[in-house]
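Work through the exercises below with the sequence and the model at hand. Try each task before reading its solution.

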Amino acid sequence: MASASHSSFTCDDRSSFVPLATVRLDLVALTLEHAPALFACASDPEVSSRFAWTRHTSLADSRRFIVRTMVAYARGGHHEWGIVRRADQALIGTCGLDVFDRSGCVADVSYALARACWGRGYATEAASAVIGFGFSVLGLRAIEAQAFAENTASQQVMAKLGMCHVDTRAVGAEDGDRSVARVWRLERERWAGWRVVTIG
Ligand SMILES: CC(C)(COP(=O)(O)OP(=O)(O)OC[C@H]1O[C@@H](n2cnc3c(N)ncnc32)[C@H](O)[C@@H]1OP(=O)(O)O)[C@@H](O)C(=O)NCCC(=O)NCCS
C-alpha cells in the first residue's frame, strides 16, 4: 500500500487481481463464461473503432483474449475488469488500468461498453471505481486517459471523472490514417477531494 506522500510513493504493480463493486456494477475477473458477451461488444465496429482493440471477428478471438487476460492475472499486476451489471448479471463491457510509467506511477484508464448500454452512466461509474483502486491501492500519482478527438462521449466521461485535457497527439489509427488523440489526466491530489467509489 502506497503512502500519500510523494517522497515515499511506490507502485505495487505486481499485485493480484482485486474485484471492485459500485452501486450498480460488479467489476470482476474475466472468465471464459464471459466470452459470448465480450464477443458481442468487441465485434461491434462502433466499439472497436474507438478503442485500442483489434475487432474480434469470431468467438475464438474473444476466448483467446480472455485466456491471455487470465494468464496475465496469474502473473500479477494486470488490472482488467469485466463490467457486470448486478441487476441481471450481464457482462456489459470492460475497464482497464495500465501502469505505463512505473517510475512516475502513472497509469492509463480505458473502458468500453456494449452499445446497447451506452448513455446510462455505466462507464463513469466503472471508471470511478477503477481510478479509486489506482490511487488508493496501487498508489498511483496520476491517471491518464486517451480518446480520439471525435470521441465526444469518452471525453465527456473523462470530464465527469474530474480529469483535465492536458495534451493532443497525432496517432496512427487502425486503418493507417493519421488521427488525433486527446490526453486527459487526473492528479492524485485532485482525486482526493471527490472520493466517491466503493471498493469491494
Ligand atoms: C465511451 C463509452 C465507454 C461511454 O460509455 P457510457 O456508459 O455511455 O458513458 P456515460 O453514460 O458514463 O457518459 C457518457 C457521456 O457522454 C455523453 N455523450 C454521449 N454521446 C455524446 C455525443 N455524441 N456528444 C456529446 N456527448 C455525448 C453522454 O450524454 C454522457 O454525458 P452526461 O452524463 O453528462 O449526459 C462508450 O460510448 C463506449 O464504449 N464507446 C466505444 C469504446 C470507447 O470509445 N472507449 C473509450 C476509448 S478511450
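Two exercises follow, one on a strand and its partners, one on the ligand shell.

The model is predicted: local features need pLDDT of at least 70, side-chain atom pairs count only at pLDDT 80 or more, and totals for chains, interfaces and linings use all residues. Residues are numbered from 1 along each chain as its sequence is written.

**Exercise 1.** Place strand S5 (106–113) among its neighbours.

*Solution.*
- Strands here are DSSP runs (E, at least two residues), and helices are runs of H or I with at least four; both are numbered from the N terminus.
- Strands pair if DSSP finds at least two bridges between them.
- S4 (residues 90–101) pairs with S5 in the antiparallel sense, over 8 bridges. Glycine 93 faces leucine 113 of S5.
- The S4–S5 hairpin has 4 residues between the strands, and cysteine 105 takes a positive phi near 55° there.
- S5 and S6 pair in the parallel sense over 3 bridges. Alanine 107 has isoleucine 143 in S6 as its bridge partner.
- From S5 the chain crosses through H4 to S6, a right-handed β-α-β crossover. Right-handed means that, with the strands pointing away from the viewer, the path from the first strand over the helix to the second runs clockwise.

**Exercise 2.** Describe which elements supply the shell around the ligand.

*Solution.*
- S5, helix H4 (122–136), strand S6 (142–148) and helix H5 (152–160) each supply at least two residues.
- H5 gives the most, with 5 residues.
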